[in-house]
Amino acid sequence: MEQGSEAEADRDRGLIAAAATGDESALAELYDRHASAMLGVALRILKTRQDAEDLVHDVFVEAWQRAGDFDGSRGTVRSWLLVRVRSRAVDRLRSLEAARRRGLLLLAEHEAGGASAPPIWDGADRARAKRALDALPDAQRTLVELAYFEGLTCSEMATHCGIPIGTVKSRLAAAMTKLRHGFAEPNEQGSARR
C-alpha cells in the first residue's frame with residue numbers, strides 16, 4: 001500500500017474507533033471522506049438518487065451503531081462501508097422488486113375477477129390512486145405497498161427492508177403527504193375531490 005493510502009487508512013481506523021466511543025465529529029468526518037463513493041455504488045444499483053441517498057444515510061446510521069464491530073484485520077474502513085452499502089442496496093433492490101411484483105399481481109388478479117380488490121383500486125379514483133402511487137419514489141412506494149398489501153407493521157418493514165424504524169416512519173409520513181396532495185389535485189372535471 002502506498003504511504004498516502006496507508007495514512008488515509010490509519011486516519012479512517014482512528015475515526016471509526018472514535019465513532020465507536022460516541023464521537024459524532026468522527027462519524028461526520030467519515031461521512032465527508034466516503035459518502036460520495038458510497039453514493040456512487042448505491043446509485044449504480046438502485047438507479048434513483050433519492051433511494052441511493054436514503055441508503056447511504058441508513059448505512060451511516062448502521063455504521064454509527066456498529067462502529068465497534070469494525071475489524072481492521074479484515075480490510076479498510078472504506079471497504080467495510082462500501083461492502084455494507086452494496087449489500088444493503090442489493091437487498092433493497094430485491095425488496096423493491098418483490099413488493100412491486102406483489103402489488104402488480106394483486107392488481108392483475110382483481111382485474112381478472114379473481115381476488116377481492118383492495119379498496120384503493122376500487123371505484124372512479126382507481127386511475128388517480130395508481131398515478132399517485134406510481135409518482136412516489138421507489139423507497140416510499142415500497143413501504144406503502146408493504147403496509148397496504150402485506151399488512152406489515154413499521155417494525156416488520158424495518159426488518160424486511162434492512163432499514164431503521166425511524167426511516168420507515170419518516171418515509172411513510174412523506175409518502176402519505178404526497179398521496180394526500182395527489183388526491184387533492186383537481187379531477188378531470190376541474191373540481192377537487194375531498
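The following exercises, with worked solutions, concern a predicted model.

Local features require pLDDT of at least 70 and side-chain atom pairs pLDDT 80 or more, while totals for chains, interfaces and linings use all residues. Residues are numbered from 1 along each chain as its sequence is written, and side-chain values use heavy atoms, leaving out hydrogens and water.

**Exercise 1.** Determine how many helices and strands the protein has.

*Solution.* The protein has 8 helices and 0 strands. Helices (H or I, at least four residues) and strands (E, at least two) are DSSP runs, numbered from the N terminus.

**Exercise 2.** Identify which residues of the largest nonpolar core touch the most other members, and which helix gives the most to this core.

*Solution.* A nonpolar core is a set of buried Ala, Val, Leu, Ile, Met, Phe, Trp, Tyr and Cys residues joined through side-chain atoms within 4.5 Å; buried means under 20% relative accessible area, exposed over 50%, partly exposed in between (1.4 Å probe, protein chains only). Within the 27 residues of this core, Ile16, Met38, Leu55, Val56, Phe60, Leu81 and Val85 touch the most other members. Helices H1 (3–20), H2 (24–46), H3 (49–66) and H4 (77–111) each supply at least two of its residues. H2 gives the most, with 10 residues.

**Exercise 3.** Describe the surroundings of Glu62.

*Solution.* Glu62 is found in helix H3 and is buried, at 13% relative accessible area. Beyond its neighbours within four places in sequence, Glu62 is in contact (heavy atoms within 4.5 Å) with Arg84 and Arg88. The side chains of Glu62 and Arg88 make a polar contact at 2.6 Å, that is, a pair of N or O atoms within 3.5 Å, of which, within protein, one must be able to donate a hydrogen and the other to accept it, and residues adjacent in sequence count only if both atoms are side-chain atoms.
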